[in-house]
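Here is a short tour of a protein fold, written for someone who is still getting used to looking at structures. Have the 3D view open and turn it as you read.

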Amino acid sequence: MADVTTDKLRKRFAPDRIAILGGGPGGYEAAMVATDAGAHVTIVEEKGLGGSAVLTDVVPSKTLIATADAMRRVNASTAFGVRFGESSENNYYETEAWADFSQVNERLLKLAHDQSADIHTTLEAAGVTVVKGKGRLKPPHSIEVTDAAGQTDLIEADAIIVATGAHPRELPTAVPDGERILNWTQAYNLTEVPEHMIVVGSGVTGAEFASAYRRLGADVTLVSSREQVLPGEDADAARVLENSFARVGVKVASKSRAESVERTEEGVKVTLSGGRVLEGSHCLMAVGGIPNTEDIGLDDCGVETTESGHILVDTVSRTTANNIYAAGDCTGMMPLASVAAMQGRIAVAHMQGEGVKPLKLHHVASNVFTSPEIATVGVTQEQADSGKYQADVVKLDLATNPRAKMMNIREGFVKIFSRKGSGTVIGAVVVAPRASELIFPLALAVTQKMHVDDVASTFTVYPSLTGSFSEAARRLHLHVAEPSE
């Protein structure tokens, strides 16, 4: 009887009309959950469903990276005894793979377009109303939509979710022109592999593009303002990547800032702090993002933002205004599509009165799609070293793994953190090809608070890279205090 009463209360107070501003992962995932719950849902999106994640960021960039990785595997296959072309008296004529950039970009843009269309079809089939146009919040819970012709319409709702995403940050002394000086949304305009790409910014985006362009055949110089590439990642993992960069010929200008980028007759000129000048054919600016929160009516509705322009939200996606939620890169949480989607789903569950598990960022598995990839979850080495978490740590190089030897993997490792004394798995780092696929079992262990013995006693395939997971867990068992009798 109590369950029936609870269901009636939820139905009574749950919003019947939900309007969503922005069609990225935070928006369309929320829309699917809300319409399944019986709400009438409207999404307002100006550029296309999927947002920048699908149209200009994640899907196209990871498709480009997949092409680069395919070239890496082809060019490395001679180490396995693979030969190309005809042979004459046991002498094989070999050619290095090359990228047809026009076809590469045509394919990735088509994939992005098709993915956006698939999302649109799925939402409409589920009963979601999709409105194309530029949206602006109107108090208390409405969105004014202006279409391409300048006509306006007002969408009234009981609750709103803001999921407007972000756009590339630009420096006034390095304004992209879409031809020689590029931001990450313009990188797919190129018809040929750049002769020499200068990448400014050594965070995730910069490192990924630097890795991909080098594998695609371009000379690459990465400008890093820090001493370490990927300053926010595990230091051991960053060192592996730096060694990989050095091995394949990526030049790193460390502890340098780009003061300006100018277009020249034949390419670009990048002036660094201290006066050093780099010359190349192209420059890719990867210096962060800015939330799309300006002039969308947040102040009028009482929605507060930070100094950086991000919308203030709590762990259940609430803003400072009643019945207005926010999700994705427009908030101050981790700028990942998976986090945006989870924020959107949590927002709907909260407004519907369902049981909600607040967002826990230390449960988020993330990946850097370089070569090799770097995947992480939970507690970091820095947090363990600082004493914030009392942890035992085991790190195993993949060079000892039999499957890695078969695959000619010479760099990478598995690192697992367990809580000192209890043996609970609280963090992990994987550096390897396809680390993004390998991190899931360790993310599961962190989220479900599994003991290292649970990981160690689970069968793994032999031979496999995941065999190193169970081996690391077995070694961590030795650090766990035995219970006293």
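Is S317 buried or exposed? S317 counts as buried, because its relative accessibility is 1%. Keep in mind as you look around that this is a predicted model.

**Two odd backbone angles and two cis bonds**

S317 sits in the loop between β19 (289-291) and β20 (324-326). Its phi is positive, about 75°, although S317 is not a glycine. L230 also has a positive phi, about 55°, and is not a glycine either. You'll find L230 in the loop between β13 and α7, and with 1% relative accessibility L230 counts as buried too.

Now for the cis peptide bonds. One runs from S371 to P372, with omega near 5°, and P372 belongs to the loop between β21 (366-368) and β22. Another runs from Y462 to P463, with omega near -5°; P463 is in the loop between α13 and α14.

**The nonpolar core**

In soluble globular proteins, nonpolar side chains tend to be buried together. Here, the largest nonpolar core has 43 residues, and the members that touch the most others are L64, F209, Y213, L216 and L284. Several elements each supply at least two residues of this core, among them the helices α4 (58-76), α5 (101-126), α6 (204-215) and α7 (235-248). Strands do so as well, including β12 (196-200) and β13 (219-223). Apart from this core lies another one of 28 residues, including I409, V425, L438 and A456.

What is Y213 in contact with, leaving aside its neighbours within four places in sequence? The list is L64, F101, A187, L190, P194, M197, A218, V220 and L284.

**Rings that meet**

The structure holds two aromatic pairs. A pair of aromatic rings is described by the distance of the centres and the angle of the planes, and here is how the two compare:

| Pair | Centre to centre | Angle between planes | Arrangement |
|---|---|---|---|
| F101 and Y213 | 6.4 Å | 40° | tilted |
| F209 and Y213 | 5.9 Å | 25° | stacked |

The F101 and Y213 pair links distant parts of the chain: F101 is in helix α5 and Y213 in helix α6, 112 residues apart. By contrast, F209 and Y213 are four residues apart in helix α6, so about one helical turn separates them. An α-helix has 3.6 residues a turn, so residues three or four places apart point the same way. F101 and Y213 are both buried, and F209 is buried as well. Together, F101, F209 and Y213 make one aromatic cluster.

There is another ring to find: the charged end of K395 sits over the ring of F413, 4.8 Å from the ring's centre.

**A buried histidine and some lone cysteines**

H282 lies in strand β18 (residues 282-285). H282 counts as buried because its relative accessible area is 10%, which is under the 20% cut-off. Leaving aside neighbours within four places in sequence, H282 is in contact with E179, R180, L190, P194, H196, M197, I198 and V268. Right beside it in number, C283 is buried with a relative accessible area of 0%.

How many disulfides does the structure hold? The count is zero. Why does C301 have no bond to the closest cysteine sulfur? That sulfur is in C330, 14 Å from the sulfur of C301, so the two are too far apart for a bond. C301 is itself buried, with a relative accessible area of 13%.

**Towards the end of the chain**

UniProt, in an unreviewed entry, lists residues 365-472 as "domain: Pyridine nucleotide-disulphide oxidoreductase dimerisation". This span is 31% helix and 29% strand, and its end C-alpha atoms lie 19 Å apart.

T380 is in the loop between β22 (373-378) and α9 (381-386). Its relative accessibility is 34%, so T380 counts as partly exposed. T380 and I426 are 46 residues apart in sequence, and their C-alpha atoms are 9.0 Å apart in space.

Finally, look at helix α14 (residues 467-477), whose buried residues are G467, S468, F469, S470, A472, A473 and L476. These residues pack against β23 (391-397), β24, β25, α11 (435-438), α12 (440-447) and α13 (452-456).

Key: Residues numbered from 1 in each chain as written. Predicted model: local features only at pLDDT ≥ 70, side-chain atom pairs only at ≥ 80, totals over all residues. Heavy atoms only, no water. UniProt positions renumbered as here; feature names shortened; annotations may be inferred. Core = buried A, V, L, I, M, F, W, Y, C linked by side-chain atoms within 4.5 Å. Buried < 20%, exposed > 50% of the residue type's maximum accessible area, 1.4 Å probe, protein only. Contact = heavy atoms within 4.5 Å. Disulfide = S-S within 2.5 Å. Phe/Tyr/Trp six-rings, centres within 6.5 Å; stacked < 30°, edge-to-face > 60°. Lys NZ or Arg CZ within 6 Å of the ring centre and 35° of its normal.
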